[in-house]
Amino acid sequence: MNDTSASHQLLPGAPGSPVILHVPHSSRAIPAAVRQDIVLDDPALERELDHITDSHTAEIAAAAAARCSITPWRFVNRLSRLVVDPERFPDEREEMLSVGMGAVYTRTTHKEELRPAGYDGRALVAEYFEPYAAAMTDAVAERLATVGRAVVVDVHSYPAEPLPYELHGDGPRPPICLGSDGFHTPEELRLRAERAFAGFGGTGINSPFAGTYVPLAYYGKDPRVGALMVEIRRDVYMTEPGGPAGPGLDALAGALADLVDAVSAA
C-alpha cells in the first residue's frame, strides 16, 4: 500500500475545541494511477469535476476557523471524491450504489460511464477509503478523550439545479440545507445552525441531501458524538459550475464561525 498521508489532512485546532470541520469533497486532485482507470477524456473529466466538486468549501472552512474564538479542528480531503467518496457506506447499505456512486464511483453526475463496466474498486477502498476512515475515527476519539465530546460539522455544497444522479432532486433546494441524523444531531445543534445561517434566504432540513457523517465506529452508538451537515447552494457564493467564488464566501465563513463558536461554548 502506498503512503496515503498526503491524501487527507487534520489541521489542529484549540485543545479545548470539540468541533471538527469536515471537508470531504472540495478537491479536484486525482493521482495518475487512479486517473488511468477513468474512461473520460481530459475535457470531459474537467467538466465532471466542475459538477461533482464542492468547490471552495475548504476555503470557507479555513476562513471560518480563522474567525472563531476557539479554533476548531479541520479534517480535509486532499483528493477528489472521484478517487473514493469517504462519506459513502462501503457496503450494500449505501443507497447511491443504485446510480453507480458508492464508495468508488463508476458513473458520472449525468449517469454516463466513469469507470469500465465491472470495475473492481476494492483496491481503492483499501488504499484510500479505509485509511481516511481510520484517521477520521482517530480524530473523533482524540476529541472525546480530551474534551469529552466531539461535534463533526460537514461542509458541503450543491448545485442550484438538480443533476441527473440525484435520488431526491425533486425536493426543496434552499440556500442552506442542514443534513441531520436522528441519533447524532440534537435539536439544539440544528437550531444553532438555523440561527447562524438565517441571513442567506432560508434553511431547510434534509433536502435535497440528507444525513450527516459520523465514523462507523461511533455511528448510532455514542451520543457524545454530535454531527450536522451544512450543504450550501452554490449560487449563494460562486459561479456554477466550477467557477470562481464571490463575496458570498466571506459571509458564509462568518456564519459558519458563528455556529462553531455557539457549539464550542455550549
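**Entry 1: helix α3 against helix α6**

I began with helix α3 (residues 57-67) and helix α6 (residues 248-265) in this predicted model, and found that their axes come within 8 Å and cross at roughly 55°. That angle makes α3 oblique to α6, and I noted the crossing of the two helices as right-handed. I then listed who makes the contact: from α3 the residues are E59, I60, A61, A63, A64 and R67, and from α6 they are L249, D250, L252, A253, G254, L256, A257 and D261. Sorted by character, the residues of this contact come out as nine nonpolar, one polar and four charged.

**Entry 2: helix α5 against helix α6**

I next looked up how α5 lies against α6, and read that their axes come within 9 Å and cross at roughly 150°. An angle over 145 degrees counts as roughly antiparallel, so I entered the pair α5 and α6, at roughly 150°, under that heading. The crossing in which α5 passes α6 is right-handed. On the α5 side I wrote down L189, R192, A193 and A196, which meet A255, D258, L259, A262 and V263 in α6. The residues of this contact divide into seven nonpolar, no polar and two charged.

**Entry 3: the nonpolar cores**

In soluble globular proteins, nonpolar side chains tend to be buried together, and I therefore turned to the cores. The largest nonpolar core has 34 residues, and among its members F197, V230, L256 and L259 touch the most others. I checked which elements give two or more residues to this core, and they are β2 (19-23), α3, β4 (150-158), β5 (176-179), α5 (187-196), β7 (225-233) and α6. The most comes from α6, which gives nine residues. A second core of 29 residues is separate from this one, and I38, A103, Y105 and L163 are included in it.

I looked more closely at V230 and, leaving aside residues up to four places away in sequence, found that V230 touches V153, D154, V155, H156, I176, C177, L178, F197 and L259. Of these partners, F197 and L259 are also listed with V230 among the core residues that touch the most other members.

**Entry 4: I20 in strand β2**

I went on to I20, which is found in strand β2 and counts as buried because its relative accessibility is 0%. Not counting residues up to four places away in sequence, the partners that I20 touches are W73, F75, M136, A139, V140, R143, V151, V152 and V153. I also took a distance from I20 to V83, which is 63 residues apart from I20 along the chain, and their C-alpha atoms are separated by 23 Å.

**Entry 5: backbone exceptions**

Most residues other than glycine have a negative phi, and most peptide bonds are trans, so I searched for places that depart from this.

Which peptide bonds are cis? The bond from S207 to P208 is cis, with omega near 15°, and the bond from E240 to P241 is cis as well, with omega near -15°. I placed P208 in the loop between β6 (203-205) and β7, whereas P241 lies in the loop between β7 and α6.

N206 is found in the loop between β6 and β7, and its phi is near 55°, a positive value in a residue other than glycine. I noted N206 as partly exposed, because its relative accessibility is 30%.

K111 likewise has a positive phi, of about 65°, although it is not a glycine. Where is K111 placed? I found K111 in the loop between β3 (73-77) and α4 (122-147). Is K111 buried or partly exposed? K111 is partly exposed, because its relative accessible area is 45%. Apart from residues up to four places away in sequence, K111 touches V99, P164 and Y165. As a last check I took the C-alpha separation of K111 and R195, which are 84 residues apart along the chain, and it is 37 Å.

Notes
Residues are numbered from 1 along each chain as its sequence is written. This is a predicted model: local features need pLDDT of at least 70, side-chain atom pairs count only at pLDDT 80 or more; totals for chains, interfaces and linings use all residues. Side-chain values use heavy atoms; hydrogens and water are left out. Axes are lines fitted to C-alpha atoms, for helices over the stretch in contact, and angles run from 0 to 180 degrees between N-to-C directions. Helices (H or I, at least four residues) and strands (E, at least two) are DSSP runs, numbered from the N terminus. Angles under 35 degrees count as roughly parallel, over 145 as roughly antiparallel, 65 to 115 as roughly perpendicular and the rest as oblique. A crossing is left-handed if the near helix is turned anticlockwise from the far one by less than a right angle, and right-handed if clockwise. Contact means heavy atoms within 4.5 Å. Ala, Val, Leu, Ile, Met, Phe, Trp, Tyr, Cys and Pro count as nonpolar, Asp, Glu, Lys and Arg as charged, and the others, Gly among them, as polar. A nonpolar core is a set of buried Ala, Val, Leu, Ile, Met, Phe, Trp, Tyr and Cys residues joined through side-chain atoms within 4.5 Å. Buried means under 20% relative accessible area, exposed over 50%, partly exposed in between (1.4 Å probe, protein chains only).
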